[in-house]
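User: Please take a close look at a single part of this structure, written for a reader new to it. Some context on the surrounding protein would also be welcome.

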Amino acid sequence: MITQQSEQLARGDITSVALTEHYLARVAEKNPQLNAYLWCDTAHALAQARAADQRRAQKKNVTPLTGIPIAIKDLLHVTGAPTTCASKMLAGFQPTFSATVVERLQMAGAVCFGKTNMDEFAMGASNENSAFGPVRNPWDPTRTPGGSSGGSAAAVAADLCSGALGSDTGGSIRQPAAMCGIVGLKPTYGRVSRYGLVAFASSLDQIGPMTHSVKDSALLLGAIAGHDPRDSTSLDVPVPDYTATLSTDVRGLTIGIAEEYFEAGLTPAVESAVRAAIKTLQDLGARVVPVHLPHTKYAVPTYYIIAPAEASSNLARFDGIRFGHRSPHSDSLRALYEASRSEGFGPEVTRRIVLGTYVLSSGYYDAYYRKAQQVRALITHDFTQAFATVDAICTPTTPSTAFRLGERVDDPVQMYLADICTSSCNLAGLPGISVPCGFSENNLPIGLQIIGKNFDEACVLRIAHAYEQATEWHKKKPL
Amino acid sequence: MCSNITAATIRQVATLARLGLSDADCAQYAAQCQKILAFVDQLANVDTAHIEPMAHPTAQPTAWRDDVVHSSGEADAILQNAPAQQARCFAVPQIIG
């Protein structure tokens, strides 16, 4: 999509203003039903589009992204646009700076097109935790798009932008990508700067592209990746040209299959689609071998100790003093803190702050938080052992296709299990991508996850591209 | 690990986290957290003797920068987000009686 639009812009067949107006019209038509965007401003978008057209006319600093409208998850700061994190806590908040990823997109000439809906503070797997109403899945509006980057996933799937940015703490890019039939990439931890991302769990969060194709994903990753001194966890590792290393040839590559991922209560449709996808990669010349990741089943419980612990610390900053919601119902400083926080945060965020505070509290720290950190080391060690013999590991992205709105809201543990195939990557810091690999009987998309070695996004993208080019799944669109 | 979370536990945690919860909220979060902790209790089955805790996915050294003061020039814009301000300061309820 981006690649073709870029070529059209380069030839002068279309302008960025025309392309942006096209998406603005589609958002006006489709967003009332899908609720994928929280904010989309015509003047803000068209001003950037006009500047991009001028750059192309003057042949100044033109890149493949110049003039391309990209949607931004609403936890990334964009100057001139509000950041809400889909929370009442931040209603009306205007950032004073842009995230590094947004700056880099704008330097490349992209149009930061609108802010997409999400689970509040990125906590959720269904987008039902947004304070501004759930996003609906473009393939079936009675179902969730997944979460937490469900707005970005739905916007891409419904063709309401050329591509989008999401963030992934336990699967929040890959899981909604799978459920909406698009490509979602979580880069290696440290590959992309988190500066200007409202933090959820700082040792797990990564920003990544959500796109129609693997080539678009490579293009966007290349634009946002790289060292940033403003994020002390961003690593100074060279960024290759990811589009140059895409290939339809996977001969010589060894792909590992971990049966532990197929014991995760997969639906028959997901299991057969993913096994068929692995067979396709084998037919394309990849060597497929078994690997063992024995601590896989402990990833979700580990994640649901570490992520809430970090969240309870990160969200302490929302106190009603310097920014965000301040309760009018308080007469002392302490009452102001308590009332502002309980009024501003929704139930899932409150639950995670409670849980995180509990596992970090005196008497429980060793039993929960320290224990989870030790199991995290074992999960990471499993991958290190596996990657000694394979180039990548293929798994399902999700155990099931998109579930119905309301189906899991009363059962947090059931909801958390939506992360069962994705959270290991975040704990170990590894890159992972989800690519469409089939459909269920009721026409809902299924995703194949490809996990790579640290900083080897090029290999992950190469395998994903080869698979995509050999199949037709990515060409199917929702109504 | 043996989790036994009561509404009183949630009340104590909410105080630490500065969350104003009603009695009904505390009872509801107690029941939910009890289930979640029963689920995570399976980690007790993992032998972690002699395993170093892992706090972070990259074993990089601490990043340093020069200790130099920069002016962001954003004070007025930052104050625009303040729920209440007075004389270019954040205004809060009276603390000392």
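Analyst: A contact here means heavy atoms within 4.5 Å. Among the contacts in chain A between residues at least 6 apart in sequence, 75% join residues at least 24 apart. This is a predicted model, in which local features need pLDDT of at least 70, side-chain atom pairs count only at pLDDT 80 or more, and totals for chains, interfaces and linings use all residues. Residues are numbered from 1 along each chain as its sequence is written, chains are lettered from A and ligands numbered from 1 in the order in which they are written, and side-chain values use heavy atoms, without hydrogens and water.

Chain A contains 15 helices and 11 strands (DSSP runs of H or I with at least four residues, and of E with at least two, numbered from the N terminus). Of its 479 residues, 67% count as buried, that is, under 20% relative accessible area with a 1.4 Å probe and protein chains only, whereas exposed means over 50%.

The part chosen for the close look is helix H1 of chain B, residues 7-16, where B:Thr9, B:Ile10, B:Val13 and B:Ala14 are buried. Viewed down the axis of H1(B), these buried residues fall within an arc of 135 degrees, so they line one face of the helix; the arc is taken from the directions from the axis to the C-beta atoms. The buried residues of H1(B) pack against helix H11 (347-360) of chain A, together with helix H2 (23-40) of chain B. On the other side of H1(B), B:Ala8 and B:Gln12 are exposed. Following H1(B) comes B:Arg18, with a positive phi near 55 degrees.
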